[in-house]
Structure formats: structure tokens, C-alpha cells
Amino acid sequence: MAEDDKQSYIDYDAFLDPEFSPTAFANSLVIATNNPSDTPIDLSTPLSRVLFDIQEIDTHIHNLTTKSAIPLLTHTKDQADAGERIVADVEAQVASLIEGYQRLQKEVTQRYEEADEVRIAVERLWETVRVGRSVARCLTLGRQLETQMAEVGESGGASAEVKKGDHRAMVRASNSLLSIRKILAASGPDEEGEHLSKINLITYLQNSVLTPAETSLRNRAQQFIREFSMSSLAPASSAPATYTQSEETKSRTTSALLTLQILNPRLLLAALQAYLRTSLTSSLASIARALGNLPTLDRTLLEVSARCQNIVALESLLGTIKPPQAASPEAGAKLEKEAGNLLEPLLAALETSSLPSFFWRSLAESLAPRVGDLVGKGGVNARALRSQKERVRDSIRECVLRGSQGPGHIQFGAGAWEREAAVMVGSVIGSLGR
């Protein structure tokens, strides 16, 4: 083949050059076969040259393929056979992959889908069990609350044989009620009370048990606080309370105080403030009447002293009771955040350091205008009040000092209430003049 290349006049190197340009080659042929001064350009000669070269190359290719036909065919056959073997191997591997995928789909995918269905069923069953447990706990606490309310004496049927309610059961019932409220309040995702609002039985429990029980406990506790009385200054028509009666009153009031504190600390504050307002209103009205009818003054001041003694006893009792840990965390939680007893939040709300001091000073503030009106009207009552000014002064002072003693004549520091006595005396005598 090298010899044929040498004998051929075709410049194969020019054609094989990477920078070969057909237009430049055609231009060189035209210039080589024509004179630059010729007007008509002869293209037949260069074209014949190109056709001759093509025929020469074709002949050369034909000679090469004729001589190398058998090796070319053998090589082509070998390549075809190799391709068929490769395709056969690839088809076998593809078939194996398909079989493996089908087996994987059967053993993994289908089992995963079945397992996922089981998982969903188990999650729903667990959710049902969790709701069921919460419902069961609420119902158990509800039944416990009904039993405790029967002990309190506020339920029919079971309490028919109970002649006198157990006030200590009020605290237990309040704790049970609070426990149920906490479960119902925990209604967030994954919390114990989630979905309970959708249960008809829970709605029935709230309407028929919880709400009536809470109302009953609140009313009874407020009633016990309103009726609190431990004064040793009994009116002539009744005997002083015995030690047993006083202890029973303290125990009953303690249960009432704890009950309201557990239900809602603000209810306790409201009940205590209402008790003080009632004592102030009654004392103000009775003293104003007695100043217009002096023969009744001593008895009236004795009653006022008795009310103040009750307030002293209430203050002492509140100072001994610590806020229960189970108290409601909702409204009023700040009131008990740093309180060591039930007295501190009340003193903070009234902005005073002592309940008796608050009683006397508030009473004096409201009494001064009433005395001024009485004196301003003139008449027999005003003249009698002026004429017995010293007696009135001594009686009011004695009333303050006597009422500021605890039940049983428990004495405070000497002169502890002289300022309150002076304020009370000033509220009356100050309007009478000299």
C-alpha cells in the first residue's frame, strides 16, 4: 500500500492536512490551468483534473478493499459475534435485575405497605386507648366527687342518711374537681385532655356533676365565711361560744378558706373582702343609729367590738393556713406566688398591715360624714350627743380597745391600738366641737 502511495501522483498529504481548504485548493487549480489575463476562464480543465483525481482515489479504494476483503469480513463477523455475546450477557443480567426487583417489591414494598397499614391501625388504637383512659379517669374522679359531695351533704340519694355534712369533705371535693379541670384543660396535642371535649359523656359530666358541684362548694364555703364568728362578747340574750364550738367554727372556716383557695384564689379574696365590707356596713349603720339614740350606744358598741374580735380571729386563722399546693394555677396565681399564708394576699389587696386596723380606720372614715350630718340637723339628738361627749369618747375608745383583743381576751402589745382608738374618737368627737 505504501508503494501504491509512492506511485500515485495524488498528494494525499495535502488532502490529509488538518488545515486543508477546498476553496483554496479549487482556486489553485483554476490559477494553474488559466492565465490571469484571460477574460473567459476555462473551468473544464480544473474540473477534469478533479474528476480524474476522484476516479484515481476510487480505483485505489477498490484495489484496497479487493485485496483486504477477507480480513475485513472476518473482522466484521468477529465484531458482530462479540456484540451478540454482549447482548446475550446483558439480557441475562437485565432479566436477573427484573427478577430481583420483582422479588424485592414482593418482599419489601408489599410488606412495607402492609406494615404501614398496621402502624396506622395501631396508632389509632393507641389514640383510642389514651382517650379511653382519660375518660375513665375523669369518670372515676367524677364518681369520687359525687361521693365527697354526699359527705358534704349536698347530694341526694346517697346522702339521705347523712344528717350533718362533713365540712372537711369540701377540701377533698375541691381537689377532685380541680384534678378533673386540669385534665380537661390539658387539651393540646398529645396531652391527656386532647379530644375529651368531643366526648358526649364528658360533656354530660361537666354539666351534671362538675358545674353543680363547683357552684355548691363555692356557695357553701362563702356561707361559712359569712357566718364566721368567734367573739367572746356575746349579747345578753345568748351565751358565749364554748371551746368545742369555737374549734368547730375554726375547723369549718378553715375548710371553707381552703376550698375557695383551691377553686380559685380570687374567689377567696372576694369572699373575705365581702365579709369585711359586711362588718363595716353593719357597724357603720348601727353606730350612726346609736349616736342618735344614746341609750342604745353601749349595746351597739359591744356588737361592733364583737365584729372586730371576729376580724381579729379571722386574721389569726388566715395567718396559720398555708396555700395548698394543689391550688388552681389559673386566675389569681400571682396572688399566691410568694405568699406564705392566706393572710398575705388579703393584706396586699387591701393595702394594709392589719385587718383590725383596716376595719377601724375604714369605719372612722365613713363615720365622720354621718356624725356631721347628725350634728348639722340639730335637735334633741345633737344636743344630747354634745352634752354626753365625754361618755361617748370613753365608750368609743373602750370599744376599739375591747374589739381589738382576740377572742378569749388575748392581749396585744400595750398601746397597740391607741392610734385606731384616737382615729375613731376623732371621727365622732371632731364633729361635735368644743
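# Reading helix 5, its salt bridges and the cysteines

Mentor: Ile86 sits in helix 5, which covers residues 69–152. Helices (H or I, at least four residues) are DSSP runs, as are strands (E, at least two), and both are numbered from the N terminus. This is a predicted model, in which local features need pLDDT of at least 70, side-chain atom pairs count only at pLDDT 80 or more, and totals for chains, interfaces and linings use all residues. Residues are numbered from 1 along each chain as its sequence is written, and side-chain values use heavy atoms, with hydrogens and water left out.

Trainee: Is Ile86 buried or exposed?

Mentor: Buried means under 20% relative accessible area, exposed over 50%, and partly exposed in between, with a 1.4 Å probe and protein chains only. Ile86 has a relative accessible area of 52%, so this residue is exposed.

Trainee: Which residues form a nonpolar patch on the surface with Ile86?

Mentor: Patches are made of residues with over 30% relative accessible area and no salt bridge; like charges are joined within 9 Å, nonpolar side chains (Val, Leu, Ile, Met, Phe, Trp, Tyr) within 5 Å. Accessible areas come from the Shrake-Rupley method with a 1.4 Å probe, and for residues only the protein chains shown count as cover. Here Ile86 is joined by Val90, Val94 and Ile98, and together the four have about 330 Å² of accessible area.

Trainee: What should the 84 residues of helix 5 span?

Mentor: The expected span of a helix is 1.5 Å times one less than its number of residues. For helix 5 that gives 124 Å, and the end C-alpha atoms are 119 Å apart, which agrees.

Trainee: Where does helix 5 bend?

Mentor: The bend at a residue is the angle between axes fitted to the seven residues ending there and the seven starting there. In helix 5 the bend is about 35°, at Gln105. After the helix comes Gly153, with a positive phi near 100°.

Trainee: How many salt bridges are there?

Mentor: Side chains of opposite charge can pair when their charged atoms come close. The rule is a side-chain nitrogen of Lys or Arg within 4 Å of a carboxyl oxygen of Asp or Glu. That gives a count of 19.

Trainee: Which residue forms a salt bridge with Asp116?

Mentor: An α-helix has 3.6 residues a turn, so residues three or four places apart point the same way. Asp116 pairs with Arg119, their closest N and O atoms being 2.8 Å apart. Both lie in helix 5, 3 residues apart, about one turn of the helix. Asp116 is partly exposed at 23%, and Arg119 is partly exposed at 39%. Glu127 and Arg130 also meet in a salt bridge, at 2.9 Å from N to O. Of these, Glu127 counts as partly exposed at 24%, whereas Arg130 counts as buried at 15%.

Trainee: Which helix holds Glu247 and Lys250?

Mentor: Both lie in helix 8 (residues 243–263), 3 residues apart. Salt bridges that share partners also join Glu151, Asp166, Arg168 and Arg172 into one network. As for the helix 8 pair, the closest N and O atoms of Glu247 and Lys250 are 3.9 Å apart.

Trainee: How many disulfides does a search of the whole structure find?

Mentor: A disulfide is a pair of cysteine sulfur atoms within 2.5 Å. The search finds 0. The closest cysteine sulfur to that of Cys308 is in Cys399, 7.8 Å away, and therefore too far for a bond. Cys308 is buried, at 0% relative accessible area, and Cys399 counts as buried at 2%.
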